[in-house]
Amino acid sequence: MIKLFKVKEKQRELAENANGKTPIKKQSAGELRLHKDISELNLPKSCTISFHNGKDDLMNFEVTIRPDEGYYQGGTFLFSFNVSPIYPHEAPKVKCKTKVYHPNIDLEGNVCLNILREDWKPVLNINTVIYGLFHLFTEPNSEDPLNHDAAAVLRDNAKLFQSNVRRAMAGGYVGQTLFPRCL
Amino acid sequence: MAETVVQPSRSRDLDKLLLRPGNIIGANFDPGLELREDLAKYAKVLVVGAGGLGCELLKDLALSGFHNLEVIDMDRIEVTNLNRQFLFRFEDVGKPKAEVAAKRVMERVSGVNIKPHFCRIEDKDIDFYSDFSIIVLGLDSIEARSYINSVACSFLEYGSDDKPREETVKPLVDGGTEGFKGHARVIVPGLTPCFECTIWLFPPQVKFPLCTLAETPRTAAHCIEYAHLIKWDEVHSGKAFDPDEPEHMKWVYNEAVKRAELFGIPGVTYSLTQGVVKNIIPAIASTNAVISAACALETLKITSGCSKTLSNYLTYNGAEGLHTKVTEFVRDKDCLVCGPGVLVELETSVTLQKFIDLLEKHPDLLLSKASVTHQGNNLYMQAPPVLEEMTRSNLSIPLFDLMGKTVRSTLHVTGTTSKNDKKTSALRKLRIVFKGVDGVTDMDMAGAA
């Protein structure tokens with residue numbers, strides 16, 4: 001290809017700025033795939049999505065979940081999503097921004113959902129993740145605990161768990177921990 | 001006969017490749033002194049990364065007769081680099097890798113000029129990359145490879161026959177090593193598979209379930225990840241963990257040790273902590289040397305034509321005995337990054353709404369309910385409702401205006417296609433050309449009419 005380079009280099013030397021257009025950087029493949037995911041979102045009524053950086057930044061967004069059944073009915077829970085340029089090779093990073101008394105979500109907002117870590121596959125998408133999160137509220141699971149105390153209560157005494165959840169969502173203490181009101 | 005003495009080059013072997021004809025040669029191979037001089041004078045090579053592979057690459061390329069090299073790297077030299085990144089000395093610790101590497105090679109190899117760039121690859125604009133004849137990668141991350149690949153492919157233009165235009169092809173040579181294993185590959189966008197065509201080659205990253213870390217750790221790595229992912233946030237609310245901050249790493253190590261003691265798990269060490277947190281696999285100097293040699297040779301072959309190139313992916317495994325293999329991967333014809341995309345010709349007056357309607361009838365697309373994005377600008381989104389609302393006003397605006405009045409451009413659409421009565425969702429790349437705009441008297445456009 002050296003002949004080609006030579007021609008190009010000579011052109012530059014002659015300052016022949018013939019076709020002055022410069023190509024613009026393309027979106028990353030991850031961004032394009034995310035664009036597809038987002039444009040095909042089909043969320044249950046209890047989930048809403050918002051893009052705080054406007055319509056052109058899809059890589060960072062927030063999802064609000066308002067469970068319409070189960071222990072957490074009536075609560076409002078905010079999740080932040082951060083998607084990497086190599087999505088879907090890598091799962092989106094999800095954090096729960098609302099402090100919640102939940103066996104699978106710790107007090108720092110880490111979420112134990114298998115498809116966010118060990119079981120993530122590129123065929124999954126944002127819709128699956130949001131449904132997965134939604135599912136955590138309708139079916140909290142004491143077998144994969146991240147909040148050990150909450151898991152133990154759920155396993156041993158469902159009634160107490162129920163009242164702890166209500167107290168936390170109303171903005172009260174469970175044990176030593178104060179939860180913000182999210183009803 | 002006015003005899004000019006043939007100056008032997010520094011390398012006799014290089015002359016054997018460049019000055020003599022051969023049988024297994026590349027297209028347009030023209031052996032002779034002029035070729036040797038042209039390589040020195042006109043070939044501009046960018047080396048991305050000045051680490052283990054980068055040091056080897058700069059040395060190998062400089063000794064292969066290239067005179068115009070540039071190197072880009074954002075890192076500074078660390079003590080642990082010195083065993084294999086042989087251009088660096090103890091007194092260089094803390095200095096930018098790119099600058100020291102360039103200086104050292106220039107001191108040792110006369111005639112070569114290496115320009116260092118101490119910055120992130122994203123900091124350079126696209127024009128910077130367009131200047132090089134060829135780009136050689138000595139990187140350690142998928143993200144960085146994917147980025148450079150998308151930059152190189154963004155120069156690629158296709159003619160109306162869906163064949164790449166040779167003058168827009170920016171070849172890449174990619175090297176990578178991990179312990180005793182390595183690969184060298186040639187990416188000629190438009191001709192061989194690009195990085196995204198074969199992204200599936202990468203195994204999924206190993207991620208432990210958070211609840212295992214929190215409840216039932218079984219290995220030293222579990223203890224380290226517990227300290228890194230859970231304990232850190234608990235203690236340092238809001239402060240981000242920085243893997244390059246030794247204090248942070250020390251803290252994680254100490255917490256991991258405590259955790260390991262609690263569960264009676266052996267094996268937590270500081271270097272394992274670094275390894276797990278930063279995903280580091282011990283680097284082997286000889287692997288870097290082997291892979292770099294293969295990459296430098298491919299660079300020489302592509303630029304000079306002195307031999308047919310590797311097609312197109314070489315793997316090397318020196319873990320048990322030695323095994324190398326070359327595999328010819330094939331392109332993904334619908335690749336969003338390097339594929340030609342579907343050519344769509346439009347009048348400048350066509351509105352976005354009209355364009356979306358056209359996609360539904362286009363024989364190669366049959367795409368209904370399309371969402372449209374143009375170089376990071378989301379022109380129209382069918383869902384979710386909040387984005388549909390934000391982009392709805394664009395529907396009545398001519399697409400030509402929405403695309404910044406560029407005559408030829410690429411855009412991406414997603415929507416639903418029907419094939420054999422089955423509806424599937426699709427993401428497609430389109431090559432848009434606006435007809436009847438002044439100044440477009442391109443040959444291949446005339447041919448397409």
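Tutor: Helices here are DSSP runs of H or I with at least four residues, strands are runs of E with at least two, and both are numbered from the N terminus. Keep in mind that this is a predicted model.

Student: Then where does B:Pro384 lie?

Tutor: B:Pro384 falls in the loop of chain B between β11 (377-380) and α13 (385-391). The peptide bond from B:Ala383 to B:Pro384 is cis, with omega about -10°.

Student: Which residues does the cis peptide bond in chain A join?

Tutor: A:Tyr87 and A:Pro88, with omega about 5°. A:Pro88 is in the loop between β3 and β4 (93-96) of chain A. Most peptide bonds are trans, and most residues other than glycine have a negative phi.

Student: What is the phi of B:Gln375?

Tutor: Phi is near 45° there, a positive value in a residue other than glycine. B:Gln375 belongs to the loop between β10 (367-374) and β11 of chain B. B:Lys405 also has a positive phi, about 55°, although it is not a glycine; it is in the loop between α14 (399-402) and β12 (408-419) of chain B.

Student: Why does B:Lys405 count as exposed?

Tutor: Exposed means over 50% relative accessible area, and B:Lys405 has 53%, so it counts as exposed. B:Gln375 has 26%, which lies between the 20% and 50% limits, so B:Gln375 is partly exposed.

Student: On to the rings. How many aromatic pairs does the structure hold?

Tutor: There are 19 over all chains. One of them is A:Phe51 with A:Phe61, at 5.6 Å centre to centre and 45° between the planes.

Student: Why is that pair of A:Phe51 and A:Phe61 called tilted?

Tutor: Stacked needs under 30 degrees and edge-to-face over 60; 45° fits neither, so the pair is tilted. A:Phe51 lies in the loop between β1 (47-50) and β2 (60-65) of chain A, and A:Phe61 in strand β2, so the pair ties together parts ten residues apart in sequence. Both A:Phe51 and A:Phe61 are buried.

Student: What makes the pair of A:Tyr71 and A:Phe161 edge-to-face?

Tutor: The angle between the planes is 85°, with the centres 4.9 Å apart; since 85° is over 60, the pair is edge-to-face. A:Tyr71 sits in the loop between β2 and β3 (77-82), and A:Phe161 in helix α5 (residues 158-169), so this pair ties together parts of chain A that are 90 residues apart in sequence. At 21% relative accessibility A:Tyr71 is partly exposed, while A:Phe161, at 0%, is buried. Ring pairs link both of them with A:Tyr101 and A:Phe179 into a cluster.

Student: How do you know that the charged end of B:Lys124 sits over the ring of B:Phe128?

Tutor: The distance to the ring centre is 4.8 Å, which is within the 6 Å cut-off, and the position must also be within 35 degrees of the ring normal. B:Lys170 sits over the ring of B:Phe155 in this way, 5.3 Å from its centre.

Student: Why are α9(B) and α10(B) called roughly perpendicular?

Tutor: Helix α9 (residues 246-263) and helix α10 (residues 270-278) of chain B pack at about 110°, with axes 10 Å apart. That angle falls within 65 to 115, so the two are roughly perpendicular. Among the residues in contact are B:Met249 and B:Tyr253 in α9(B), and B:Tyr270 and B:Val277 in α10(B). The contact residues divide into six nonpolar, two polar and two charged.

Definitions and conventions. Residues numbered from 1 in each chain as written. Chains lettered and ligands numbered in written order. Predicted model: local features only at pLDDT ≥ 70, side-chain atom pairs only at ≥ 80, totals over all residues. Heavy atoms only, no water. Phe/Tyr/Trp six-rings, centres within 6.5 Å; stacked < 30°, edge-to-face > 60°. Buried < 20%, exposed > 50% of the residue type's maximum accessible area, 1.4 Å probe, protein only. Axes fitted to C-alpha atoms, helices over the stretch in contact; angles between N-to-C directions. Parallel < 35°, antiparallel > 145°, perpendicular 65-115°, else oblique. Contact = heavy atoms within 4.5 Å. Nonpolar A, V, L, I, M, F, W, Y, C, P; charged D, E, K, R; others polar.
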